[in-house]
Each structure stands twice: as C-alpha cells, then as structure tokens.
Amino acid sequence: MPGAAPVSCSACGAADIQIFYRVKDVPAHSCLMMSSREEALAFPRGDIELGFCRGCGFIGNVRFDPALERYSAAYEETQAFSPRFLKLLDEVWDDQIERFGLGPGMTALEIGCGKGEFLVGLCERSGCAGIGIDPGYRPERTRSRAAGRLSFIRDFYGPKYAHLQADYVCCRHTLEHIAPVFDFVRLVRETIGDRRHVKVYFELPDMERVLQQGAFWDIYYEHCTYFTRGSLARLFRASGFDVKRLYKVYDDQYLMLEAEPAAAPTEPALPQEDDLESTTALVAKFARQVNERVQSLSNTIARHHAAGHRSAIWGSGSKCVSLISALGLSAGNGSEPGAIVDINPHKHGKFLAGSGLQIVGPDALGKLRPEVVLIMNSIYTEEIRHELAARGLEPHLVPL
Ligand SMILES: [Zn+2]
C-alpha cells in the first residue's frame, strides 16, 4: 500500500489504524473563492485516505498535508444567506444563552468564528462581550449594535492566545479542519485552567450519518478529521473535560457537544458515547456503499444528459466540489452541469477550485431553464423549490 498509515491516532495515540476509504487527487480547498478559471484549475491537489482508529473510533485523513492549507479572507464558508440555516442559528443562540445563563458581564470566546455571525448574534441577544478568532474574518461584514463589546483576531487559535479568558468557549465547524485534534482540545482545556465554571460548546459535522448513508460528497480534503458522538466524547474526556450533553441537529447532520472542565480525564457517562462497535460495522461497509451511490448518481446524470436535459447544481460549497470531483463532471468530457448556483452573493462570478466551473446566482437559472437540479443538501430542498418557483421554474429535483 502506498503511503504508510500513521503510527498513531491523533486523538488517542493508539497504533491500531485501519485505512478504509481512498480518493486520489482532490482540490485541497473547496471554499476558497478563485477569481479566474485558470487559478481554479491550477489549484493544489491532495489525496484522501481515511484511517479509522480501532481504539477510539476517530477517523482522519492520514494523507493530509497542512502545507496545502490556504485559509484567508478569500475563504467563503458562510451559510447565513439561507433562511433554513438562520433558523438553526436562532435555535442554537436561544438554547445556549438560556442553558448557560449568558448575559452582561460575561465573555464568550469563539475559536474559528468565520465571518462572526454566530458570535455577533450571541452577544447582541445576551448582552455578553465576545472575542472571535479566525484568519478568514472580514471586519467590513460586521454591522452590529454590540460592536463595542466585540473584538476579533484575524489569526489561527494557538498557544499564544492561551491568555484569553472567557466564561463560555465555543467552536463551531472548525475541529474538522484541524489535524492534531488532541493537542487542540487539550489547548482549549489548558486555556481554561482552574476556572471550572467555564462552559464549552463544540459543533461539527456528524460522521455517523455520512457512514450510514455512504455520503461521499461529505468527505473532502479541507475536512481532515471526522467524529461520531462517541469518538468526540472520548477525545474530550481524555483531554480533561466532563461531557455533559451530546446530541445531533439539522436532520442529524451536525453533532453538538457541551462540556465542563474537569480536574483529570473523565469516564464515559452518556449512553450515546457507546458507539465504537456500531461505527466499526459502518466503516467496514462504507467503501462498498459509496461505490453504489456513485454508480446510481452517475446513472441519473447520464440519463438526463442522454435526454438532452439541461442541469444545474444548487450549492457551491465543499459538498459540490467533492461531488464534481468524485463523479468526474467536467467541461473536458462534456458532462459538466449547465450552472453551479449559490445564494451567497459573495460567491457569484467566482470559480470552483479543481473543476474551474463558475458560480452564478439563482437569477441565472431563468435563462438556462434547467430540467433537473441536483441539490447538494436535502435540508434546503423546500427553500430551493420556492426560489425556483419564484422564477417560474419547476425542474425535477434530485436532493442528496
Ligand atoms: Zn484513537
């Protein structure tokens, strides 16, 4: 086998790593916006080899090379243009503020705050102060009545920020971009020190659903690590946290963990943590399941193509880049979709890394009039149906 497996798991240190899924030569980034087709086509590529730790259930890309990372202000990950996504944010804000009694005089720290939407909303609603850290933060996008209580650091979180003290530490959709996961969670724990009242909240994609559904478009280079409820809880417990709550939201796509600092590593206490056996079984059949899904999707696309149907993909994020790469949809072989649509106006006119396809806004579909639209995330199906209907379009929808 080319590329030997790593000697140890980056979550628990065990040496028992099983490689179970491989994809070669995929774009190293999928949310970076390219301003020209040439730049998008020439974007660096890397390989994916998912390794499963039989000791703790952690899954990571053993071929991940951090030297290919290019996080910057050109990183466009926000989903805050979707009403469905905003509804989720609403629910999380209310839930977190109420559960942890966030209010004036308290400080929230968000590690990997992106464009800052979550932190801004949290501070506006609760009255607390906020510190956000992210290399992709864009100050010009923050317009808030809470601005006086907010500060942002455009950088990666690291030991030099261990002095930042907060009463609430959150980290959303960031851990899956970090390779040394134990070191990262341990650093969060060390930052908190003996301030035992601090509450911690993490949110990230759930790998159990991806394994169950053979959702290969949810595996991409930017995500170098993957967790189920059990493996995430084991990492936090080993890092000196007590896990208090572990649950899924958003059609089970997102995994949420709430923890409190403990004096030492803690023992499993929640029934959801007990998933090592079931994850092992899912891992064993994942590659076969992916083959079936790739085949079935390729057939669907070929059928529409043969019928002369115009097609579009709705959703230009990482899932889309991964799907295009896995199915080999490209201008070179005439199989490229007629349009890649996104509702985020900051993406319009930009190009997708790898395929070099250009992103357009929903209005462009009025001209294309596609007969079939692939929806990259089924949770947005009704929202997209509505957007299409508003433009007099009723194409066949294929939600993933
Ligand atoms: Zn492990």
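**Reading a zinc site, an open sheet and two nonpolar cores**

Q: Is Asp94 buried, partly exposed or exposed?
A: Asp94 is partly exposed, since its relative accessible area is 43%. The classes work like this: buried is under 20% relative accessible area, exposed is over 50%, and partly exposed is in between, using a 1.4 Å probe and protein chains only. Keep in mind that this is a predicted model, where local features need pLDDT of at least 70, side-chain atom pairs count only at pLDDT 80 or more, and totals for chains, interfaces and linings use all residues. Residues are numbered from 1 along each chain as its sequence is written, and side-chain values use heavy atoms, with hydrogens and water left out.

Q: Where does Asp94 lie?
A: Asp94 is in helix 2, residues 83-100. Helices here are DSSP runs of H or I with at least four residues, strands are runs of E with at least two, and both are numbered from the N terminus. Asp94 is also a good case for checking sequence against space: Arg125 is 31 residues away along the chain, and the two C-alpha atoms are separated by 8.3 Å.

Q: How far apart in space are Asp274 and Arg310?
A: The C-alpha distance between Asp274 and Arg310 is 47 Å, with their positions 36 residues apart in sequence. Asp274 sits in the loop between strand 11 (254-261) and helix 7. With 69% relative accessible area, Asp274 is exposed.

Q: What coordinates the zinc ion?
A: Start with the donors, which are N, O and S atoms within 2.8 Å of the metal (3.2 Å for Na, K and Ca); water is not among the atoms, so sites may look incomplete. Here the SG atoms of Cys9, Cys12, Cys53 and Cys56 coordinate the zinc ion at 2.3 Å. Along the chain, the donors follow the spacing C-x2-C-x40-C-x2-C.

Q: Which arrangement do the four donor atoms around the zinc ion make, and why?
A: Tetrahedral, because the angles they subtend run from 103 to 114°. Four donors count as tetrahedral if all angles lie between 85 and 135 degrees; four are square planar and six octahedral if opposite donors are over 155 degrees apart and all others between 65 and 115, and anything else is irregular. For reference, the ideal tetrahedral angle is 109.5 degrees. As for exposure, Cys9 counts as buried at 5%, while Cys12 counts as partly exposed at 41%.

Q: In what order do the five strands of the open sheet run?
A: To read that, you need pairing: two strands pair if DSSP finds at least two bridges between them. The order is 14-13-12-15-16, with parallel pairing. Strand 14 (359-360) and strand 16 (396-399) are the edges, each pairing on one side only. Strand 12 (residues 311-314) pairs with strand 13 (residues 339-341) over three bridges, and with strand 15 over four. Ile313 has a bridge partner in both neighbours: Ile340 in strand 13 and Leu374 in strand 15. Strand 15 also pairs with strand 16 over four bridges, where Val372 stands opposite His396.

Q: What covers strand 15, face by face?
A: In a regular strand the side chains alternate between the two faces of the sheet. In strand 15, Val372 and Leu374 on one side and Val373 and Ile375 on the other are all buried, so both faces are covered. Helix 8 (residues 318-327) lies across strand 12, strand 13 and strand 15 (372-375), at about 140° to strand 12. Axes are lines fitted to C-alpha atoms, for helices over the stretch in contact, and angles run from 0 to 180 degrees between N-to-C directions.

Q: How many of the residues of helix 8 are buried?
A: Eight of its 10, including Val321, Leu323 and Ile324. Their cover includes strand 1, helix 5 and helix 7, with contact meaning heavy atoms within 4.5 Å. Gly328 follows helix 8 with a positive phi, near 65°.

Q: Which residues have the most contacts inside the largest nonpolar core?
A: Such a core is a set of buried Ala, Val, Leu, Ile, Met, Phe, Trp, Tyr and Cys residues joined through side-chain atoms within 4.5 Å. This one has 49 residues, and Phe20, Leu50, Ile59, Ile219, Ile313 and Leu323 have the most contacts inside it. Helix 7 gives the largest share, six residues. Another core, of 40 residues, lies apart from it, with Ile133 and Phe236 among its members.
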